[in-house]
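Trainee: I should like a close look at a single part of this model and at what surrounds it. Please begin with the terms you rely on, and then proceed outward.

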Amino acid sequence: MVYELAEFERARDECHLTAEQLTATLFGPSPAVFCHVAVQDAPIGMALWFLNYSTWEGTHGIYLEDLYVRPAARGTGAGRALVAALAKVCAERGYRRLDWGVLEWNPARGFYEALGAVAKSEWVPYRLSGAPLAALAASSDALTS
């Protein structure tokens with residue numbers, strides 16, 4: 001489903017995940033990424049997530065990295081069930097936030113807003129990757145530990 005999501009997001013050529021990587025990430029000795037799967041005879045959706053932390057709240061939260069429901073299953077409640085399952089994890093563990101990002105053009109924004117989610121337009125996402133990430137890492141000094 002990760003490849004299906006990448007195709008939907010018009011970025012299939014940027015998705016390099018292998019089955020081995022995903023298996024090791026989810027089921028290795030110290031997993032830091034988790035997944036809920038919606039099933040109706042076969043898998044129809046997934047929510048891939050990890051913990052984040054809020055210094056202002058003083059608690060962990062969940063960052064929903066990927067939410068995907070297969071096209072044939074959209075409108076069945078699978079997406080809502082997946083997000084509700086993560087909300088339940090937050091409630092049970094005392095986490096105060098469930099965060100995620102969404103592409104500007106994604107029609108799912110209406111779905112998220114119907115759940116009560118609020119777009120955080122004042123926060124601008126940044127990413128460091130590839131050569132700039134490697135260059136910055138190479139410039140690291142002993143001031144940090």
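Mentor: A residue is called buried under 20% relative accessible area, exposed over 50%, and partly exposed in between (1.4 Å probe, protein chains only). The model is predicted: local features need pLDDT of at least 70, side-chain atom pairs count only at pLDDT 80 or more, and totals for chains, interfaces and linings use all residues. Residues are numbered from 1 along each chain as its sequence is written, and side-chain values use heavy atoms, without hydrogens and water.

The part chosen is strand β3, which spans residues 59-69. Strands (E, at least two residues) and helices (H or I, at least four) are DSSP runs numbered from the N terminus. Of the 11 residues in β3, eight are buried, and the strand is thus described as mostly covered.

One partner of β3 is β2, to which it is joined by 10 bridges in the antiparallel sense (strands pair if DSSP finds at least two bridges between them). Within this ladder, leucine 64 of β3 stands opposite tryptophan 49. Another bridge matches threonine 59 of β3 with serine 54. The hairpin of β2 and β3 has four residues between the strands, and there glycine 58 adopts a positive phi near 75°.

Strand β2 (residues 42-54) also pairs with β1 (residues 34-40), again antiparallel, over seven bridges. In that pairing, proline 43 of β2 is found opposite valine 39. The hairpin of β1 and β2 leaves one residue between the strands, and aspartate 41 in this hairpin has a positive phi near 70°.

Strand β3 is also paired with β4, this time in the parallel sense, through three bridges. One of the matches is tyrosine 63, whose bridge partner in β4 is aspartate 99. Together with helix α3 (residues 78-93), β3 and β4 make a right-handed β-α-β unit. Right-handed here denotes a path from the first strand over the helix to the second that runs clockwise, with the strands pointing away from the viewer.

Strand β4 leads on to the aromatic side chains. Rings of Phe, Tyr and Trp (its six-membered ring) pair if their centres lie within 6.5 Å, with planes under 30 degrees apart stacked, over 60 edge-to-face and the rest tilted. This rule gives five aromatic pairs. One of them joins phenylalanine 8 and tryptophan 105, and it is tilted because the planes meet at 50°, with the ring centres 5.6 Å apart. The two residues are 97 apart in the chain: phenylalanine 8 belongs to helix α1 (residues 2-8), while tryptophan 105 lies in the loop between β4 (98-100) and α4. Phenylalanine 8 is partly exposed because its relative accessible area is 27%, and tryptophan 105, at 34%, is likewise classed as partly exposed.

Tryptophan 100 and tyrosine 112 make another tilted pair, with 5.1 Å between the centres and 55° between the planes. This contact brings together strand β4, which holds tryptophan 100, and helix α4, which holds tyrosine 112, across 12 residues of sequence. Tryptophan 100 counts as partly exposed because its relative accessibility is 23%, whereas tyrosine 112 counts as buried because its value is 9%. Both residues belong to one aromatic cluster with Phe111.

Two arginines complete the description of the first pair. A charge sits over a ring if NZ of Lys or CZ of Arg is within 6 Å of the ring centre and within 35 degrees of the ring normal. Arginine 10 has its charged end over the ring of tryptophan 105, at 3.7 Å from the centre. Arginine 74 does likewise over the ring of phenylalanine 8, at 5.1 Å from the centre.

As for cysteines, the structure holds zero disulfides (pairs of cysteine sulfur atoms within 2.5 Å). Cysteine 35 takes part in none, and the nearest cysteine sulfur, in cysteine 15, is 14 Å away. Cysteine 35 is partly exposed because its relative accessibility is 32%. Cysteine 90 cannot bond because the closest cysteine sulfur, that of cysteine 35, is 16 Å from its own, too far for a bond. Cysteine 90 is also buried, at 6% relative accessibility.
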